[in-house]
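Got your viewer open? Let's take a short walk along the place where two parts of a protein chain meet.

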Amino acid sequence: MTVITFFDFFRISEEKKLYLPTDESTELYLMAFLRVCKFYPESAFKRVKCLYKLRQKNPKYCNDLLPTLEKNVFEQNILTVLPSRDQHGRRILITECGQRWKVKDCSLTEIFRGVELVIEAAILEPRTQVSGTVLLVDFAGLTINHVWQFTPNFAKMVLDWIQYSMPARLKEVHIINQPYIFNMVFAVFKPFMQEKLRNRMLLHGYDHTSLLAHLDAKCLPTKYGGLMDIETDQGIELWNLLCYYEDNYKVTNEFGYKKKK
């Protein structure tokens, strides 16, 4: 049974006002939903609907997701995709939400939209669909001004995306270099976090040894105790790479529930 047959079986084309082609052009994209749901088509179709309902409900975070419109967050070097996968073949995304994040120059909305762009590119890699992703969040330099940016509405939206909508396997979340006030951020997210995600979230503080117990040193920069002699300041290079696929993003931006006329 092909990917297209899986989704045609549940008549995705008959879902009211949902535009999502089920042909060869979307086969790899739809495969991401199937793989994250262990090939249970009912669960995959439910995830598809959750994603596009979330996007419809949150246009500020989800509409017009094009790399060319989101250059600023990459210029700030807040987001880094490491060149090497970890020992399990997983992609590693680093988000630096402390010293690198100047609230007056870059909004939390921009950071989330940047993450969405990176994930959308990653899920089109068959190896990443199978092996999954790892998120490493560096809170070095977190201040109370940063903390104030995180609202309950934002936390719920992000966790709804991660837990019920995102067609990617988030295998681990590593929180590093977090100061004491990180507890205030965690308190905002905790009520919306399912046990499965809580069990995959690891808080290391400033202990690189703890981080290296989970991620091989060969795949981490030296500033995190790894062996890779690279700086996490390649944001524009990552942005240029995503811009190369601008036309693909334009196509996927058309998917979703259509507004009533």
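**Where the two domains touch**

Between domain 1 and domain 2 there are eight residue pairs in polar contact, both residues at pLDDT 80 or more (a pair of N or O atoms within 3.5 Å; within protein, one must be able to donate a hydrogen and the other to accept it, and residues adjacent in sequence count only if both atoms are side-chain atoms). Keep in mind that this is a predicted model: local features need pLDDT of at least 70, side-chain atom pairs count only at pLDDT 80 or more, and totals for chains, interfaces and linings use all residues. Residues are numbered from 1 along each chain as its sequence is written, and side-chain values use heavy atoms, with hydrogens and water left out.

Next, colour 3-62 as domain 1 and 67-241 as domain 2; these bounds come from an automatic or database domain assignment.

Now select α2 (27-36), which gives the most to the side of domain 1 that touches domain 2: seven residues. (Helices are DSSP runs of H or I, at least four residues, numbered from the N terminus.)

Zoom in on R55 and E120. They form a salt bridge, with the closest N and O atoms 3.5 Å apart (a side-chain nitrogen of Lys or Arg within 4 Å of a carboxyl oxygen of Asp or Glu).

How much area do the two domains bury between them? About 1,800 Å², 58% of it on carbon and sulfur atoms (accessible area, 1.4 Å probe, that two parts lose on being put together, summed over both). Finish by selecting R35, R47 and Y61: in domain 1, these lose the most area to domain 2, together 38% of what that side buries.

How values were computed:
Helix = DSSP H or I, 4+ residues; strand = E, 2+ residues; numbered from the N terminus.
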